[in-house]
Amino acid sequence: MPSRGESVPFAFIADADRFRSNVTPPPRAHRSVTEKAGSALFGLTVVAGLVGSLVLGVPALDPDRQSQHHGPTAAESR
């Protein structure tokens, strides 16, 4: 495979760490109270869903409860 003529094809990447801009970015917009409350409510909803799934799921994974059958299975009902 023939080699290319340029030694470093992307020389501008090497200069990227030395580049400093004199343009300041615009200031960050402050979030309003309703936006903060909405994100807090969303976070609480996600946490409540995870806790609820644990509350309902952990008893179903208990091996002592799985050995106790509350009704006949399909193999026992024949």
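Me: What is the average pLDDT of the chain, and what share of the residues score at least 70?
Reply: In this predicted model, the chain averages a pLDDT of 77, and 56% of the residues score at least 70. Confidence is lowest in helix H1 (residues 11-14), where the mean is 60, and highest in H2, where the mean is 95.

Me: What makes up the pattern of the chain, read along the sequence?
Reply: The pattern is α-α-α, and the chain has three helices and zero strands.

Me: Why does Val 47 count as partly exposed?
Reply: Val 47, which lies in helix H2 (residues 33-60), has a relative accessibility of 47%. Buried means under 20% and exposed means over 50%, with partly exposed in between, and therefore Val 47, at 47%, counts as partly exposed.

Me: Which residues form a nonpolar patch on the surface?
Reply: Val 47, Val 51, Val 55 and Leu 56 form this patch, and together they have about 400 Å² of accessible area. A residue in a patch needs over 30% relative accessible area, and Val 47, at 47%, therefore meets that cut-off.

Me: Why is Ser 53 called partly exposed?
Reply: Ser 53, which also lies in helix H2, has a relative accessible area of 44%. Because partly exposed covers what is between under 20% and over 50%, Ser 53 is placed in that class.

Me: What does the side chain of Ser 53 reach, and how do you know that this is a polar contact?
Reply: The side chain of Ser 53 reaches the backbone oxygen of Leu 50 at 2.7 Å. The cut-off for a polar contact is within 3.5 Å, so the distance of 2.7 Å satisfies it.

Methods: Residues are numbered from 1 along each chain as its sequence is written. This is a predicted model: local features need pLDDT of at least 70, side-chain atom pairs count only at pLDDT 80 or more; totals for chains, interfaces and linings use all residues. Side-chain values use heavy atoms; hydrogens and water are left out. Patches are made of residues with over 30% relative accessible area and no salt bridge: like charges are joined within 9 Å, nonpolar side chains (Val, Leu, Ile, Met, Phe, Trp, Tyr) within 5 Å. Accessible areas come from the Shrake-Rupley method with a 1.4 Å probe; for residues, only the protein chains shown count as cover. A salt bridge is a side-chain nitrogen of Lys or Arg within 4 Å of a carboxyl oxygen of Asp or Glu. Helices (H or I, at least four residues) and strands (E, at least two) are DSSP runs, numbered from the N terminus. Buried means under 20% relative accessible area, exposed over 50%, partly exposed in between (1.4 Å probe, protein chains only). pLDDT is the predictor's confidence in each residue, from 0 to 100. A polar contact is a pair of N or O atoms within 3.5 Å; within protein, one must be able to donate a hydrogen and the other to accept it, and residues adjacent in sequence count only if both atoms are side-chain atoms.
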